[in-house]
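Trainee: Could you take me through this one before I start on my own notes?
Mentor: Gladly, have a look at it with me.

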Amino acid sequence: MSVSRPAAVIVLAAGEGTRMKSRLPKVLHEMCGRSMLGHVLAAAEEVAPQRVVVVVGHGREQVGAHLAEAAPKAETAVQAEQKGTGHAVRMVIEQLGPVSGTVVLVYGDTPLLRGRTLTDLVAGHEEAGNAVTVLSARVPDPHGYGRIVRDAEGAFTGIVEHADAAPEQLAVDEINSGMYAFDGALLSEVVHRLSTDNAKGEEYITDAVAILRGDGHRVGAALARDWVEIQGVNDRVQLAQARRLLNDRLLEDAMRAGATIVDPATTWLDAGVSIGRDAVIEPQTQLQGATSVGEDAHVGPGTVLRDTVVGAGAVVSNTVAHGARIGAGALVGPFSYLRPGTVLGDRAKAGTFVEMKNAVVGEGSKVPHLTYVGDAEIGRGSNIGASSVFVNYDGVGKHRTTIGDHVRTGSDNTFVAPVEVGDGAYTGAGTVVRENVPPGSLAVSAGGQRVIEGWVERKRPGTAAAEAARAAREDAAAELPEMSNKPE
C-alpha cells in the first residue's frame with residue numbers, strides 16, 4: 001500500500017543529559033559529522049513529514065541556534081519543566097492544535113535510528129489501521145526495559161514495565177523502544193487524559209497505549225530490523241560506542257558502493273562524505289564534513305580531509321586539507337597542508353611540505369617541495385622552485401601574487417605581493433621578486449658571487465672545518481710540483 005506523509009514527527013530533546021558531564025546539551029554532542037539530534041532529524045526527513053517539531057527544554061537557546069543552522073524548517077515546542085514524555089507531547093499538541101494524520105514520536109538521543117525503520121513503522125501502522133503502533137526491538141539484554149506483551153496468537157496486547165513484570169515476562173527479549181506512530185486525532189485527545197499517579201508524578205506517553213486499547217482502539221507493535229537503532233546515548237562511553245557503530249555502517253555502505261577501504265578499523269567517515277567507485281582509502285584516514293572523493297582516486301594513508309573535493313584519479317597522501325578542491329589526476333603530498341580556498345587544477349601537484357591557502361594552481365602546474373603559497377594564482381604548466389615563499393601579508397593587509405602560464409621559477413624565491421610574473425618568464429635561484437616580471441623575461445636579484453680565500457683557517461682556527469681546509473690546501477700544494485714536471 002502507499003504510505004501517506006506523516007502529519008508530523010515529534011522529536012523529544014528537552015532533557016539535560018546529566019550523565020554526559022557536559023555544558024553542551026546532550027543531543028548536540030557530535031558523531032560522524034552531525035549532532036545526535038541532526039542524525040535523528042535526517043532519519044525523520046526520510047519519511048517526508050509535513051512538519052517536524054523538536055521539543056526543547058534544557059539548553060533550549062543552544063538547541064534552537066543549532067536547529068536554525070542545521071534544520072531551519074524544524075519547529076520547536078518548549079517544555080520548560082521536564083514533567084515526563086507525555087507532558088512533552090502535550091506541549092506540542094497544545095501548540096499545534098488538533099492534528100489529522102499519522103504522528104511519529106522519536107527521541108533526539110537515538111542517533112543510530114534509520115529512516116527506513118520509520119518508514120516501516122508508518123507503513124505498518126497505517127496498513128493495520130492502528131490507533132498507536134509501538135516500535136519494538138529484540139535485544140540481547142532486556143534488563144530494565146519495558147517488555148512487549150503478546151497473546152497466544154502473537155498479537156500485541158500491551159507493555160509491562162520491568163519492575164512490574166512476572167517471571168515469564170522477564171524472559172521476553174522484545175522491548176519497547178519508546179518510539180511510536182499515533183493516529184494524530186486520537187493522540188490530540190489522549191494526551192489530556194494522561195495521569196500523574198506514579199512515583200515521579202509525571203505524565204508518561206506509554207500510558208496512552210493502555211488508554212487507547214481500553215477505549216477499544218487497535219494497538220500494535222512493529223519490530224525494528226536492527227535493535228541497535230533504538231539505543232539511546234546517555235554518557236560519553238555510549239557516545240563513543242554509537243560513533244563506532246555508525247562509522248562501521250558508513251564504511252560498509254561505501255564498500256558496497258564500490259570503494260576500497262583498506263583498513264576499516266582506522267578509517268573514519270562523516271555522514272556527509274561521498275566516495276566514488278574504485279577509489280582507494282588507505283589506513284589512518286579521516287574524511288569529514290562534505291568531503292567527496294572521485295572515482296579511481298587514492299587517498300591516504302594518514303590523511304584528514306574536511307569539506308574537500310578530490311577529483312577522479314587524484315592521489316592524496318599524508319595530507320591535511322580543509323575546504324580545498326583537488327582536480328582530476330592531481331598529486332598531493334606527502335605532508336601537504338591545503339587550507340581553505342585552495343584549488344588545484346587537473347594534473348597539478350602540491351608536493352612534500354607544501355602549504356597553500358586561498359591559492360589557485362592551474363592545470364599541470366607543480367609546486368613540488370618546501371613551499372608556502374598564500375593568496376596566489378598560478379597559471380597552467382608552471383613550476384615553482386623548491387623552498388619558495390609567497391609573501392602575502394604586509395602587516396596590515398593581504399595581497400595577491402599572480403604567476404602566469406609556463407613559468408619556471410628558481411629555488412628559494414620570495415614573491416613579495418602584490419606582484420605578477422608574466423607568461424613564459426623565468427626567475428633565478430634565490431631571487432626576491434618585488435616588481436612585476438614581463439612575459440618571457442628572466443628576473444634575478446642576487447649580485448655576483450664573492451670568494452674570500454683562506455677565511456676559515458684565519459677566522460675559525462682549530463675547528464674541524466679549518467683542519468679539513470688546511471689538509472686540502474696542503475694536498476693541492478703537493479700536487480703542483482708533479483703537475484709542473486709533466487711533459488707538454
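Mentor: We will go through the domains, their interface and two residues. This is a predicted model, in which local features need pLDDT of at least 70 and side-chain atom pairs count only at pLDDT 80 or more, while totals for chains, interfaces and linings use all residues. Residues are numbered from 1 along each chain as its sequence is written, and side-chain values use heavy atoms, with hydrogens and water left out.

Trainee: Which domains does the chain have?
Mentor: The assignment gives domain 1 (8-230) and domain 2 (236-443), with bounds that come from an automatic or database domain assignment. Taken over C-alpha atoms, the centres of domain 1 and domain 2 are 45 Å apart. The contact between them (heavy atoms within 4.5 Å) takes 14 residues from domain 1 and 12 residues from domain 2.

Trainee: And how much area do domain 1 and domain 2 bury between them?
Mentor: About 1,200 Å², with 61% of it on carbon and sulfur atoms; buried area here is the accessible area (1.4 Å probe) that two parts lose on being put together, summed over both.

Trainee: How many residue pairs are in polar contact across that interface?
Mentor: The rule finds seven such pairs between domain 1 and domain 2, both residues being at pLDDT 80 or more. A polar contact is a pair of N or O atoms within 3.5 Å; within protein, one must be able to donate a hydrogen and the other to accept it, and residues adjacent in sequence count only if both atoms are side-chain atoms. The count of salt bridges between the two domains is zero, a salt bridge being a side-chain nitrogen of Lys or Arg within 4 Å of a carboxyl oxygen of Asp or Glu.

Trainee: Changing topic, is T342 buried or exposed?
Mentor: T342 counts as buried because its relative accessibility is 0%, where buried means under 20% relative accessible area, exposed over 50% and partly exposed in between (1.4 Å probe, protein chains only).

Trainee: Which backbone oxygens lie by a polar atom of its side chain?
Mentor: For T342, the backbone oxygen of R339 lies 2.9 Å from a polar atom of the side chain, and that of M356 lies 3.3 Å from one. Leaving aside neighbours within four places in sequence, T342 is in contact with residues including G323, R325 and N358.

Trainee: What about L223?
Mentor: L223 is partly exposed, because its relative accessible area is 42%. Beyond its neighbours within four places in sequence, L223 is in contact with S136, A137, R138 and E174.
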